[in-house]
Amino acid sequence: MKSCRTAVLCGLGRAVPERVVGNDELERRLETTAEWIERRTGIRRRHRVAAGQSTSDLAVAAATPALRSAGIDGGGADAVVLATTTPDRLCPATAPEVARRLGLGTVPAFDVSAACAGFVYGLATATGLIGAGIAERVLLVAAETYSAIVDPRDRTNAAIFGDGAGAVVLRAGEPGEPGAVGPFDLGSDGAGGDLIKVEAGGARQRSSGRPASPGEEFFTMDGRSVYRQAVERMSASSRGVLGRAGLSCAEVDRLVPHQANLRIIESVAGHLGIPADRCVSNIAEVGNTAAASIPIALADAAVAGQLEQGHRVLLTAFGGGLAWGSCLLTWPKLEVCHD
Ligand code: UT7
C-alpha cells in the first residue's frame, strides 16, 4: 500500500554573520568596481564570518530560531540533516556537532553534499526519512562559509559568494496539507564535475602523493558555462516538477530560485513565463550563499510578507556536481523567527 505520510514544513529560521562586506569594500581591495558587481550579479553586499567562526556556528544560529518557529525549542527534532559544501572539517560530518550544540541528544545526524542544490536535496532526504517512518520531525539546516574556500584575491567569486545559513523543521503529515513538500525533480551530471570545484584536500589529491599546488585549495568556477547550464537546468527541472504535479507555470504563485546571480534568476523566471513580482530574490543583500540561499530567501520573503498562506511555491536550484533539483509546496501558516 502506498504510504500517505510526507514531510510538512512547520518551522523556518535564518542567520547571517554580523560583518557586512559591501561592493565598495571589494572595489577598494580588488580590481573591480561596485558598478560591475551590481550590474553583472545584482549583488550589493554579502556577509562574512569573523575569524574562527564556521559553518556549525551559522547552522546553530539558524536552527535555533527555526526550532522556536516550530514551537519545539528544547528538543523535539528526531533527526538532523545539514546541507553544506563547506563542512567544518573534511571528517567527520558537521551535523552531529550541530545536533549536540542544539541539545538534541543522540539523534541521527548527517551531512548532505550537493553544493548549491543542497537544500532541495536535503528536503528530499528529510521527506524520505519521514515517509519511511524513520523520523517524525526533521531539522534541515543549510549552512555555508564560502569565504573560507574562496580565494580573497579572486575578484569574481569573492564578489558573488556570501556566508549564511537557513533552517527548516519538517514534521510528519499528509500530502494534501499546507506545507507538504513534493513532488520533486532531482538530477546530476558528473560530466560537468570540473566546472565547479575545490581541487585539493580530497582523497584524489592526497593519495596521489603530490602536494597541492598553490591555489588548488581554493574554490574555482567556470562562470560562463555554469551560467548557461544553470538557466537551462533550473528551467527544465521546474517544468519537470510542475509536470509531475499536473500544474502549469501560470499556477505558480512564488518562484524561489537558488540565488546564484540576479540575471540567472530573471532568465529562469523569463523562460518559465513567471512575472517578476512572483519571483523572490534577496541576492542584493546576502549574495550567493550556495546551499543556504533558498531557506534564507524563504525566511526573508516570509518576513517581508511576500509569502502568504496558500501560495503555491516552486523551489529550484543548480550548482556544483553538477547537481540540480526542484520541489513544490503550498505555503503553510508559519511564524518565522529571525536570528
Ligand atoms: O551558485 C552556484 C552556481 N553558480 C552560478 O550559477 C554562477 C554562474 N555564473 C555567473 O554568475 C557569472 O558567469 C559570473 C558572475 C561568475 C561572471 O559574470 P559574466 O557576466 O559571466 O562575466 P564573464 O565571466 O563572462 O566575464 C566578463 C568580463 C571579463 O572580461 P573580458 O574577458 O570580457 O575582458 C572578465 O574578466 O568581466 C570581467 N570580470 C570582471 N570585471 C570586473 C570578471 N569578474 C569581474 C569583476 N570585476 N569582479
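Which residues in α11 are buried? They are Ser-293, Ile-294, Pro-295, Ile-296, Ala-297, Leu-298, Ala-299, Asp-300, Ala-301 and Ala-302. Buried means under 20% relative accessible area, exposed means over 50%, and partly exposed lies in between, with a 1.4 Å probe and protein chains only. Ten of the eleven residues of α11 are buried, so the helix is largely enclosed by the rest of the structure. Just after α11 comes Gly-305, with a positive phi near 80°.

Some ground rules come next. This is a predicted model, where local features need pLDDT of at least 70, side-chain atom pairs count only at pLDDT 80 or more, and totals for chains, interfaces and linings use all residues. Residues are numbered from 1 along each chain as its sequence is written, and side-chain values use heavy atoms, with hydrogens and water left out.

Now step back to the whole chain. It has eleven helices and 14 strands. Helices (H or I, at least four residues) and strands (E, at least two) are DSSP runs, numbered from the N terminus. The radius of gyration is 19 Å, close to the 20 Å that the globule rule gives for 339 residues, so the chain is as compact as a globular protein of that length. That radius is taken over C-alpha atoms, and the globule rule is 2.2 Å times the number of residues to the power 0.38. Along the principal axes, the C-alpha atoms fill a box of roughly 55 × 45 × 35 Å.

How much of the chain is buried? Of its 339 residues, 55% count as buried. The accessible surface comes to about 14,300 Å². Carbon and sulfur atoms hold 50% of that surface. Such areas come from the Shrake-Rupley method with a 1.4 Å probe; for residues, only the protein chains shown count as cover.

Contacts tell us how the chain meets itself. A contact means heavy atoms within 4.5 Å. Take the contacts between residues at least 6 apart in sequence: 78% of them join residues at least 24 apart.

Leu-315 gives a local example. This residue sits in strand β12 (residues 312–319). Leu-315 is buried, with a relative accessible area of 1%. Leave aside its neighbours within four places in sequence, and Leu-315 touches Phe-119, Leu-123, Val-256, Ile-294, Leu-298, Gly-325, Ser-326, Cys-327 and Leu-329. Two of these names are familiar: Ile-294 and Leu-298 are among the buried residues of α11.

Next, the charges. The chain has 34 positive and 37 negative side chains. Lys and Arg count as positive and Asp and Glu as negative; His and the chain ends are not counted. The centres of the two sets lie 2 Å apart. Each charge is placed at NZ of Lys, CZ of Arg, CG of Asp or CD of Glu.

How many disulfides does the whole structure have? The search finds zero. A disulfide is a covalent bond between the sulfur atoms of two cysteines. Here the test is a pair of cysteine sulfur atoms within 2.5 Å. For Cys-4, the closest cysteine sulfur is in Cys-10, 18 Å away, too far for a bond. Cys-4 is exposed, at 52% relative accessible area.

Cys-91 is exposed too, at 65% relative accessibility. A cis peptide bond joins Cys-91 to Pro-92, with omega about 5°. Pro-92 lies in the loop between β4 (79–83) and α4 (95–101). Another cis peptide bond joins Gly-182 and Pro-183, with omega about 0°. Pro-183 is found in strand β8 (residues 181–188).

Two alanines have a positive phi. Ala-115 has phi near 45°, and its place is the loop between β5 (109–112) and α5 (118–131). Ala-115 is buried, at 9% relative accessible area. Ala-290 has a phi of about 50°, and lies in the loop between α10 (283–286) and α11 (293–303). Ala-290 is buried as well, at 0%.

Finish with two spans across the model. Pro-275 is in the loop between α9 (262–272) and α10, and is partly exposed at 37%. The C-alpha atoms of Pro-275 and Ala-95 are 38 Å apart, with their places 180 residues apart along the chain. Glu-97, in helix α4, is partly exposed at 29%. Its C-alpha atom is 29 Å from that of Phe-184.
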